[in-house]
Amino acid sequence: MSDLHQEWLQDPEYREAYDTLAGEFSLAERLIEARAGAGFSQAELAKRIDTTQSVIARLEGGHSKPSTRTLEKIAKATGTRLKISFEPIRGDAAHA
């Protein structure tokens, strides 16, 4: 799969779509890591932040964008620290 992904990245349309969604995939991955690292199931995390398992599943699947408040609740429940940053996009100038 990784080899296919690397091959597809050579296609400009694929690369643009991937780059557009990269932030969402990264966030979903971090949410899963925080939950799993705390040893919680989706249902357990949901209970701790007063929501439902289906909400957690949508967040982890990248189908929903969480608010900062929700991210703060997840961080507190999982014993992690929320850190939000702005990073330069590859090849883009700040004032292009």
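In this predicted model, isoleucine 74 is in contact with Leu31, Leu45, Ile49, Leu59 and Thr80, its neighbours within four places in sequence being left aside. Several of these residues recur in the largest nonpolar core, which consists of 10 residues: Leu31, Phe40, Leu45, Ala46, Ile49, Ile56, Leu59, Leu71, Ile74 and Ala77. At least two residues of this core are supplied by each of helix H3 (42–48), H4 and H5. H5 provides the largest share, namely 3 residues.

Helix H5 itself spans residues 68–78, and its buried residues are Leu71, Ile74, Ala75, Ala77 and Thr78. Viewed down the axis of H5, these buried residues fall within an arc of 165°, and they therefore line one face of the helix. An α-helix has 3.6 residues a turn, so residues three or four places apart point the same way. The exposed residues Arg69 and Lys76 are carried on the face of H5 that is turned away from its buried side. Just after H5 comes glycine 79, which takes a positive phi of about 70°.

Helix H4, comprising residues 53–60, can be read in a similar manner. Its buried residues include Ile56, Leu59 and Glu60. Down the axis of H4, the buried residues fall within an arc of 95°, so that they line one face of the helix. Of the residues buried in H4, Ile56 and Leu59 belong to the largest nonpolar core. Glycine 62 follows H4, and its phi is positive, near 75°.

How values were computed:
Residues numbered from 1 in each chain as written. Predicted model: local features only at pLDDT ≥ 70, side-chain atom pairs only at ≥ 80, totals over all residues. Heavy atoms only, no water. Buried < 20%, exposed > 50% of the residue type's maximum accessible area, 1.4 Å probe, protein only. Helix = DSSP H or I, 4+ residues; strand = E, 2+ residues; numbered from the N terminus. Arc of directions from axis to C-beta. Core = buried A, V, L, I, M, F, W, Y, C linked by side-chain atoms within 4.5 Å. Contact = heavy atoms within 4.5 Å.
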